[in-house]
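Student: I've got a model to go through and I'd like to quiz you on it. Can we take it question by question?

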Amino acid sequence: QVQLVQSGGGLAQPGGSLRLSCVASGPGLNLEDFAVVWFRQVPGKEREGVSCLASRRGSAEYYAPEVEGRFTSSRDNTRSTVYLQMNSLKPEDTATYYCALSETVLVCGKRSPHEFGHWGQGSQVTVSA
């Protein structure tokens, strides 16, 4: 069973930065076998994909237009950890952020949360002056 534990997040001022981390664990887990997506959700709205990193069998990298150039997702396979670096934060980035893994998603893009079976617990990010 894959488990994801998130850390980071919190309060930032507009223009500031935050970093989220997501540590994966499980029997025989190799993070390279998973596509990694960061989603975010605000109350009353559907969870939306923010970024996607493909597995070693997959291709492409994706960022939602509203975060491209400001957010960067990365992975450290040796530590089974994925990161979301968020710079130039805006109030509209306020949301609960979730990391998610999938072994079956091969092509990154705007993926549906229904394609992902492994989820972190969520991290609150609040951007406010």
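Student: Is glutamate 115 buried, partly exposed or exposed?
Tutor: Keep in mind that this is a predicted model. Buried needs under 20% relative accessible area and exposed needs over 50%. Glutamate 115 has a relative accessible area of 31%, so the label is partly exposed.

Student: Which residue forms a salt bridge with glutamate 115?
Tutor: The partner counts as partly exposed too, at 22% relative accessibility. The closest N and O atoms of the pair are 2.6 Å apart. Glutamate 115 forms this salt bridge with arginine 111.

Student: How many salt bridges does a search of the whole structure find?
Tutor: The glutamate 115 and arginine 111 pair is a salt bridge, and so is the pair of glutamate 48 and arginine 40, with 2.9 Å from N to O. A search of the whole structure gives a total of 7.

Student: Of that second pair, is arginine 40 buried or exposed?
Tutor: Its partner, glutamate 48, counts as partly exposed at 27% relative accessibility. Arginine 40 has a relative accessible area of 6%. The cut-off for that class is under 20%, so arginine 40 is buried.

Student: What is the N to O distance in the salt bridge of arginine 70 and aspartate 93?
Tutor: Both residues are buried: arginine 70 at 11% relative accessibility, aspartate 93 at 1%. Their side chains meet in a salt bridge, and the N to O distance is 2.7 Å.

Student: How many residues apart in sequence are the parts that arginine 70 and aspartate 93 tie together?
Tutor: Arginine 70 lies in the loop between β6 (61-63) and β7. Aspartate 93 lies in the loop between β8 and β9, so the separation in sequence is 23 residues.

Student: Which residues do salt bridges that share partners join into one network?
Tutor: We've already met two of the pairs involved, glutamate 48 with arginine 40 and arginine 70 with aspartate 93. Through shared partners, the network takes in Arg40, Glu48, Arg70 and Asp93.

Student: On to the strands. What is the order of the open sheet of 4 strands?
Tutor: In general, strands of a sheet pair through backbone hydrogen bonds, either parallel or antiparallel. Here the pairing is antiparallel, and the order is β1-β3-β8-β7.

Student: Which strands stand at the edges of that sheet?
Tutor: An edge strand here has a single partner strand, so one of its sides is left without a neighbour in the sheet. That applies to β1 (3-8) and β7 (71-76).

Student: By how much are neighbouring strands of this sheet turned against each other on average?
Tutor: The strands in question follow the order β1-β3-β8-β7. With direction ignored, the average turn between neighbours is 15°.

Student: Which residue stands opposite valine 5?
Tutor: Strands β1 and β3 (residues 18-25) run antiparallel and are joined by 6 bridges. In β3, the residue opposite valine 5 is valine 23.

Student: Which residue has its backbone oxygen 2.8 Å from a polar atom of the threonine 81 side chain?
Tutor: Threonine 81 sits in strand β8 (residues 81-86) and is buried, with a relative accessible area of 6%. Its contacts beyond four places in sequence include Ser21, Cys22 and Val23. The backbone oxygen you're after belongs to arginine 79.

Student: How far apart in sequence are the parts that the disulfide of cysteine 22 and cysteine 99 ties together?
Tutor: The S to S distance for this pair is 2.0 Å. Cysteine 22 is buried at 1% relative accessibility, and cysteine 99 is buried at 0%. Cysteine 22 lies in strand β3 and cysteine 99 in strand β9 (residues 95-102), so the separation is 77 residues.

Student: Is the disulfide of cysteine 52 and cysteine 108 left-handed or right-handed?
Tutor: For the link of cysteine 22 and cysteine 99, the angle about the S-S bond is 65° and the link is right-handed. For cysteine 52 and cysteine 108 the torsion is about -70°, so that disulfide is left-handed.

Student: What is the pairing of the bonded cysteines, numbered in sequence order?
Tutor: The structure holds 2 disulfides. One joins cysteine 22 to cysteine 99, the other cysteine 52 to cysteine 108. In sequence order, that makes the pairing 1-3, 2-4.

How values were computed
Residues numbered from 1 in each chain as written. Predicted model: local features only at pLDDT ≥ 70, side-chain atom pairs only at ≥ 80, totals over all residues. Heavy atoms only, no water. Pairing = 2+ DSSP bridges. Helix = DSSP H or I, 4+ residues; strand = E, 2+ residues; numbered from the N terminus. Axes fitted to C-alpha atoms, helices over the stretch in contact; angles between N-to-C directions. Disulfide = S-S within 2.5 Å. Buried < 20%, exposed > 50% of the residue type's maximum accessible area, 1.4 Å probe, protein only. Polar contact = N/O pair within 3.5 Å; in protein donor to acceptor, adjacent residues only side chain to side chain. Contact = heavy atoms within 4.5 Å. Salt bridge = Lys/Arg side-chain N within 4 Å of Asp/Glu carboxyl O.
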